[in-house]
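Visitor: I am new here and would love a close look at a single part of this structure. Please explain the terms as you go.

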Amino acid sequence: MLLEAVYHRPRLNWSYAYDRRTIHLRLRAKKGDLTEVFAWAGDKYAWDATKELIPMKLFTSDGMFDYWECESVPMYRRLKYGFLLQKDDERIWMTESDFQADRPANPQRLFEFPYINPVDVFTPPAWVKDAVFYQIFPERFANGDPSLNPENVEPWGGTPTPSNFFGGDLQGVIDHLDHLTELGVNGIYFTPLFTATTNHKYDTEDYMSVDPHFGDVQTLKKLVDACHERGIRVLLDAVFNHSGRTFAPFVDVLEKGEASVYKDWFHIREFPLQVVDNIPNYDAFAFEPHMPKLNTGNPEVKEYLLKVAEYWITEVGIDGWRLDVANEVDHEFWRDFRRVVKRANPEAYILGEIWHESAPWLEGDKFDAVMNYPFTDAVLDFFVLGTLDAEGFANAIGRQLSRYPLQASEVAFNLLDSHDTARLLTLAEGDKNKMKQAALFQFTFMGTPCIYYGDEIGMDGDFDPGCRKCMEWDPEKQDRDLFSFYRKLIDMRSSHPALRTGSFSFLAAGRQGTKIAYERRLGDDIVIVLMNTEETVQTVQISVEERQWENLFTGDSLRAERGKLSVKLPAFGYTVLKAVL
């Protein structure tokens, strides 16, 4: 037993309240080392009457470690606990301070979860588990009101550049809500809508107004109301890390220098403001002079931005915020942001843009979720780029699941492409089989899937600006087979609770392998997904319960024999099976 690999600490993703009654405990060990693990738990004030050994299950693994998990529902919402580790006949007890061969005589040196205070429980909005988002880049989705067109607007469908405009607006979205309803999505994430000078609007000029090329506040209210009537939630993009160069306080600093009352709204190293060797003498997003970084530690800045956050929820009725460059803003600001937003709408979804491991932002005091780019990388590496084998893919997914409390994984924002990346079809070099397999995993995995506008009809495009093409509205140029495939995925997900909130486990994922199988389970709702990423036919054999299984794509039935199910998959083939009761 390699005790050096065993790890637990009484916080974060290792020991947390899942809800107001339930505590989840996790323990890490060397991969394949332990055969059984138990949590030894009870109430510290009634130890002898409440102590019990709770079996832990192996809930995920990565390339080096196994992660064991159990849950406890303590009668009095507090828990003392240690662990019993077993490797065949060897038994070791783990306390907060040591490993020992004998059972501890009393609970004094065990770990402790002091008390489940309801206010401390990390509770993301439940509706997000059932959501399927659709990302819209407003300038490129649809032109519904030509009277709002910018000067020098170009004909719809032209080649995108970093600076050109095609006239997309909010009325265009309203005009095409039937498309989204037909597809089956129930959430829209808009990139920024506020007044700005660029086509992407990440250089905010006025946080309190809709960009006039998109419409106005009344048009946005009309759009939000129309979405809500269709059961579609609306998420707006907040750029609070930095403003635009034309933001009035920054203009004042440019004009008045050190005499400006707004000089402390920004991080300025020296006056006058200037750019030397392409580096501004004030902090900015990256080194972009037209995107000066806001000083969110300044009380006036904080008050202004928090009023912005509250205004669009209370006045327009949006359902949450996506937060740009969220990891570069101070944590205290986000704590106050959460209080304001949740007071305005307790069910608002707070989503941070973070491209890396994000546990410090997912402790219940800041964000509900982050954009799950480690998930994106793993899916693309296995299904699209072929740089991971099946075992490596399973390890990457397992590592990601181990990082966060369950409630964070259940509402993680799972995307495969966006306005910041090449499009999925382009990454797949036009291979729609690879694209479909990646999307199938996205829609049958834990978390909230998001479709980037146009993916569902076969749009391609390289990195920015290629990924920001105009939406194709000519039916003759749309891939309707792909559209039907996405509709099927959404319908499948909405029809099976296991695909939204069930447990996840790999059933097959071998070294140097090109086939995987995994199970989603919630009570009697059991779904198994099998995929072959190889260009030749392969047979997948898995151990399952002896029962009837129905193919959710074809309606065909299969029968497990002697606890085994054997499925032949064509090249780049897939099968989704549900257990028949």
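Guide: Let's begin with the words helix and strand: both are DSSP runs numbered from the N terminus, a helix being H or I over at least four residues and a strand being E over at least two. The model is a predicted one, in which local features need pLDDT of at least 70 and side-chain atom pairs count only at pLDDT 80 or more, while totals for chains, interfaces and linings use all residues. Residues are numbered from 1 along each chain as its sequence is written, and side-chain values use heavy atoms, with hydrogens and water left out.

The part I would like to show you is an open sheet built from eight strands. Their order is 20-19-18-15-12-11-22-21, and the pairing is parallel; two strands pair if DSSP finds at least two bridges between them. At the edges are strand 20 and strand 21 (413-415), each of which pairs on one side only.

Let's walk into the sheet by way of strand 12, which covers residues 187-190. On one side, strand 12 pairs with strand 15 through three bridges in the parallel sense. You can find this pairing by looking for Y189, whose bridge partner in strand 15 is L235. Strand 12 also pairs with strand 11 (residues 133-136), again in the parallel sense, this time over four bridges. Here the residue to look for is I136, which stands opposite F190 in strand 12.

Now turn to the faces of the sheet. In a regular strand, side chains alternate between the two faces. In strand 12 both faces are covered: G187 and Y189 are buried on one side, and I188 and F190 are buried on the other. Buried here means under 20% relative accessible area, exposed means over 50%, and partly exposed is in between (1.4 Å probe, protein chains only).

A helix also meets this region. Helix 4, made of residues 217-229, lies across strand 12 and strand 15, where contact means heavy atoms within 4.5 Å. Helix 4 runs at about 140 degrees to strand 15; axes are lines fitted to C-alpha atoms, for helices over the stretch in contact, and angles run from 0 to 180 degrees between N-to-C directions.

Strand 15 itself spans residues 233-238 and holds a charged residue worth finding, D237. Side chains of opposite charge can pair when their charged atoms come close. D237 and R322 meet in a salt bridge, at 3.1 Å from N to O; the term stands for a side-chain nitrogen of Lys or Arg within 4 Å of a carboxyl oxygen of Asp or Glu. This pair links distant parts of the chain, since R322 belongs to strand 18 (residues 320-323) and lies 85 residues away from D237. With a relative accessibility of 0%, R322 is buried, and D237 is buried too, at 1%. The pair is also part of a wider set: salt bridges with shared partners join D237, R322, D324 and E353 into one network.

Another salt bridge takes us to the loop between strand 19 (349-352) and strand 20 (369-370), where E363 lies. Its partner is R11, with the closest N and O atoms 2.8 Å apart. R11 sits in the segment before strand 1 (15-17), so this salt bridge ties together parts that are 352 residues apart in sequence. E363 is partly exposed at 34% relative accessibility, and R11 is partly exposed at 37%. Across the structure, the count comes to 38 salt bridges.

What about disulfides, meaning pairs of cysteine sulfur atoms within 2.5 Å? A search of the whole structure finds zero of them. Take C227 as a case to look at: the closest cysteine sulfur to its own belongs to C450, 14 Å away, which is too far for a bond. C227 is buried, with 0% relative accessibility.

To finish where we began, find strand 12 once more. Strand 11 pairs with strand 12 in the parallel sense, strand 15 does too, and helix 4 lies across strand 12 and strand 15.

Definitions and conventions. A disulfide is a pair of cysteine sulfur atoms within 2.5 Å.
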